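Please read the following with the sequence and the model open side by side. The text goes from one surface residue to the strands around it, and then to the charged pairs.

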Amino acid sequence: KKYKETELYLDGEWRYSIKTITSAHLGLIRRRYDVLHERDTRLFNAIWRGTYHYSTMLRLDLQLFDRPFTIVDPSILYVVSKGARVDALWKWSDKTNVNFSALLQNSDQELIPRLVRPDNNSSRKEKLQRIGIGASYQFERGFRLLFDSFYEKTDRAADDIKLRQGVVRLG
């Protein structure tokens, strides 16, 4: 399982105005295995971010991505995710922040060639939808109360898995 991974990339940022910033990351990731050359890959990596400061109290973020990443599952060679994420942060007061986020993501899990499923499918497609809301209150410097929550739906057509979960954290 030993491999070497390198990325050739270009990053850029443009400040359109004092309120608007956009940035991009374009890259080509190459992974080469020492022994198992059939697992060698060349993958495209692209991320675009836009931030708009509507006011001193409200910031809006949009991120579009097409990015590969590795995963711990030994049957998966890599995962390519394409999607969009929207975030909003509202400073309600000097001590109170409220945040909202939404994510739509389609993933393609590329399986290791020797472990291809019986239906001869070399990949598994997964669709993730997540929505979240949170808040924080800073009592004093170094002491903050935090509430965070999200609900997500994951659908994987290959084995008809439909996961639903809601998470609430308080700290």
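Y137 is partly exposed, because its relative accessible area is 33%, a value between the 20% and 50% limits of that class. The model is a predicted one. Y137 is found in strand β7. Together with I133, F139, F143, L145, F147, V168 and L170, Y137 forms a nonpolar patch on the surface. The accessible area of this patch is about 790 Å² in total. Which strands each supply at least two residues of the nonpolar patch? They are β7, β8 and β9, the last of these covering residues 161–170.

Two of these strands can be followed through their pairing. Strand β7 spans residues 123–140, and strand β8 spans residues 143–156. β7 and β8 are antiparallel and pair over 14 bridges. Within this pairing, K127 has D155 of β8 standing opposite. β7 and β8 form a hairpin, with two residues between the strands. In the turn, G142 has a positive phi of about 90°.

The hairpin strands are also linked through side chains. R130 and E152 form a salt bridge, with an N to O distance of 2.6 Å. This pair links distant parts of the chain, as R130 is in strand β7 and E152 in strand β8, 22 residues apart. Are the two partners buried or exposed? R130 counts as partly exposed because its relative accessibility is 30%. E152 has a relative accessible area of 10% and is therefore buried, the limit for that class being under 20%.

β7 has a further partner in strand β6, which covers residues 96–111. β6 and β7 run antiparallel and are joined by 15 bridges. One position in this pairing is Q109, which stands opposite R124 in β7. Q109 of β6 is also the bridge partner of V79, in the pairing between β5 and β6. That pairing is antiparallel and has 15 bridges. A hairpin with four connecting residues joins β5 to β6.

Moving back along the chain, strand β4 covers residues 58–69 and strand β5 covers residues 76–91. β4 and β5 run antiparallel and are joined by 12 bridges. F65 has G83 in β5 as its bridge partner. The two strands form a hairpin with six residues between them.

A salt bridge is found between these strands as well. D66 pairs with K82, and the closest N and O atoms are 3.9 Å apart. The pair links distant parts of the chain: D66 belongs to β4 and K82 to β5, at a separation of 16 residues. K82 counts as partly exposed because its relative accessibility is 47%. The contact qualifies as a salt bridge because the cut-off is within 4 Å.

The N-terminal part of the chain contains strand β1 (residues 3–15) and strand β2 (residues 20–33). β1 and β2 are antiparallel and pair over 13 bridges. W14 has T22 in β2 as its bridge partner. A hairpin of four connecting residues joins β1 to β2. β2 also pairs with β3 in the antiparallel sense, over 12 bridges. Here R31 has T41 in β3 as its bridge partner.

A further salt bridge joins E13 and R15, where the closest N and O atoms are 3.9 Å apart. E13 is exposed because its relative accessible area is 56%. R15 has a relative accessible area of 55% and is therefore exposed. In general, side chains of opposite charge can pair when their charged atoms come close. How many salt bridges does a search of the whole structure find? The search finds 11.

Some charged residues belong to a patch instead. K4, R30, R32 and R42 form a positive surface patch. R42 lies in strand β3, which covers residues 41–53. R42 is exposed because its relative accessible area is 60%. Patch members have no salt bridge, and their relative accessible area is over 30%, so the value of 60% for R42 satisfies the area condition.

Methods
Residues numbered from 1 in each chain as written. Predicted model: local features only at pLDDT ≥ 70, side-chain atom pairs only at ≥ 80, totals over all residues. Heavy atoms only, no water. Patch = residues over 30% accessible without salt bridge, like charges linked within 9 Å, V, L, I, M, F, W, Y side chains within 5 Å. Areas by Shrake-Rupley, 256 points an atom, 1.4 Å probe, with all protein chains shown as cover. Lys, Arg positive; Asp, Glu negative; His and termini not counted. Charge placed at Lys NZ, Arg CZ, Asp CG, Glu CD. Buried < 20%, exposed > 50% of the residue type's maximum accessible area, 1.4 Å probe, protein only. Pairing = 2+ DSSP bridges.
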